[in-house]
Amino acid sequence: MNIPVRQLENGSIPADPETVLLFLKKHGLPSTTRDHPPMFTVADSQALRPPSVSGGYTKNLFLRNRKRAMWLITCDENQSIDLRHLGAAVGAGRLSFDSPKRLMRFLGITTGAVSPLALINDVTQNIHFAIDRSLLRHDQLHVHPLVNTLTTTLTTIGLVEFAMKTGHPPVYVKFNHDGSITVDRSNNKMPDERL
């Protein structure tokens, strides 16, 4: 079995969960974290989550286009995504899933732990970040802090602020009922409209 080399594109060592949680605390972004068995899929998450916890749960995709531009897409866990429509909407052209090797090189994580909190490791600012507008209806979101044996809960606004503080102002993506996708490129703040 090949163990991924834990080194980022610039040669530095990736942040660990403790570093992420300290970053959140330092920037006044309250969070709570719980441990659990490894979660590799949305189905694992649904089976292992506490029944009484409210908020949004996410599905996260690490994608790239033919020119090797990379995207981290965070959407509702139940959202179906047509990569062809998504690529056209965000102006990336044809998108496909990126490799585990590049996932480690640019986000410092392994498959199964993909999360917007991994943006802390994009020290070379190569990743474009997009978030599903439907997640904005939740007061809080549940995401992995770089490993799939922990889940961190923070406010939705806090997650957007985290992305901005790491140099990744989000593009807001809306998945429409007719299969089309629209994008808000304002990028300067979280939209006031809660869907």
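Here is a quick tour of helix 1, the central strands, the nonpolar cores and the charged pairs in this structure. Keep in mind that the model is predicted. The largest nonpolar core has 32 residues, and another core, of 16 residues, lies apart from it. On top of that come six salt bridges and one aromatic pair.

**Helix 1 and its two sides**

- Start with the inward-looking residues: Pro-17, Val-20, Phe-23 and Leu-24 are the buried residues of helix 1. Looking down the helix axis, you'd find them within an arc of 120°, so they line one face of the helix.
- As background, an α-helix has 3.6 residues a turn, so residues three or four places apart point the same way.
- Flip to the other side of helix 1 and you meet Glu-18, Lys-25 and Lys-26, which are exposed.
- What do the buried residues of helix 1 pack against? Their partners are strand 1 (31–35), strand 7 (150–155) and helix 5.
- After the helix comes Gly-28, with a positive phi near 65°.

**The aromatic pair**

- A pair of aromatic rings is described by the distance of the centres and the angle of the planes.
- Here the one pair is made by Phe-23 and Phe-162: the ring centres are 5.4 Å apart and the planes sit at 80°, so this is an edge-to-face pair. The cut-off behind that label is an angle over 60 degrees.
- In sequence the two are 139 residues apart, with Phe-23 in helix 1 (residues 17–26) and Phe-162 in helix 5 (residues 156–165), so the pair links distant parts of the chain.
- Both Phe-23 and Phe-162 are buried.

**Thr-166, a buried loop residue**

- Thr-166 sits in the loop between helix 5 and strand 8.
- Is Thr-166 buried or exposed? With a relative accessible area of 10%, Thr-166 is buried, since the cut-off for buried is under 20%.
- Setting aside neighbours within four places in sequence, Thr-166 is in contact with Phe-23, Leu-119, Ile-120 and Gln-125. Phe-23 is thus a contact of Thr-166 as well as a ring partner of Phe-162.

**Strand 5 and its neighbours**

- Five of the six residues of strand 5 are buried, so the rest of the structure largely encloses this strand.
- Strand 3 (residues 70–76) runs parallel to strand 5, and five bridges join the two. One place to look is Trp-71, whose bridge partner in strand 5 is His-128.
- Strand 8 (residues 171–175) also pairs with strand 5 in the parallel sense, over three bridges. Here Asp-132 has Val-173 of strand 8 as its bridge partner.

**The nonpolar cores**

- In soluble globular proteins, nonpolar side chains tend to be buried together.
- Which residues touch the most other members of the largest core? They are Leu-107, Ile-109, Leu-119, Ile-127 and Phe-162.
- Helix 1, strand 3, helix 4, strand 5, strand 6 and helix 5 each supply at least two residues of this core. Helix 5 gives the most, with four residues.
- Ile-127 has a long contact list: not counting residues up to four places away in sequence, it touches Phe-62, Met-70, Trp-71, Leu-72, Phe-106, Leu-107, Leu-119, Asp-122 and His-168.
- The separate core of 16 residues includes Leu-83, Leu-86, Ala-130 and Val-173.

**Charged pairs**

- Side chains of opposite charge can pair when their charged atoms come close.
- Glu-9 and Arg-105 form a salt bridge, with 2.5 Å between the closest N and O atoms. Glu-9 lies in the segment before helix 1 and Arg-105 in helix 4 (residues 100–107), so the pair ties together parts that are 96 residues apart in sequence.
- Glu-9 is partly exposed, at 37% relative accessible area, and Arg-105 is partly exposed too, at 30%.
- Asp-184 and Arg-133 meet in a salt bridge at 3.8 Å, N to O. Asp-184 is in strand 9 (residues 181–184) and Arg-133 in the loop between strand 5 (127–132) and strand 6 (140–143), so parts 51 residues apart in sequence are tied together.
- Asp-184 is partly exposed, at 24%, whereas Arg-133 is buried, at 8%.
- Salt bridges that share partners join Arg-64, Asp-98 and Arg-102 into one network. Within it, Asp-98 and Arg-102 meet at 3.0 Å, N to O, and both residues are buried.

Notes:
Residues numbered from 1 in each chain as written. Predicted model: local features only at pLDDT ≥ 70, side-chain atom pairs only at ≥ 80, totals over all residues. Heavy atoms only, no water. Phe/Tyr/Trp six-rings, centres within 6.5 Å; stacked < 30°, edge-to-face > 60°. Buried < 20%, exposed > 50% of the residue type's maximum accessible area, 1.4 Å probe, protein only. Salt bridge = Lys/Arg side-chain N within 4 Å of Asp/Glu carboxyl O. Arc of directions from axis to C-beta. Contact = heavy atoms within 4.5 Å. Pairing = 2+ DSSP bridges. Core = buried A, V, L, I, M, F, W, Y, C linked by side-chain atoms within 4.5 Å.
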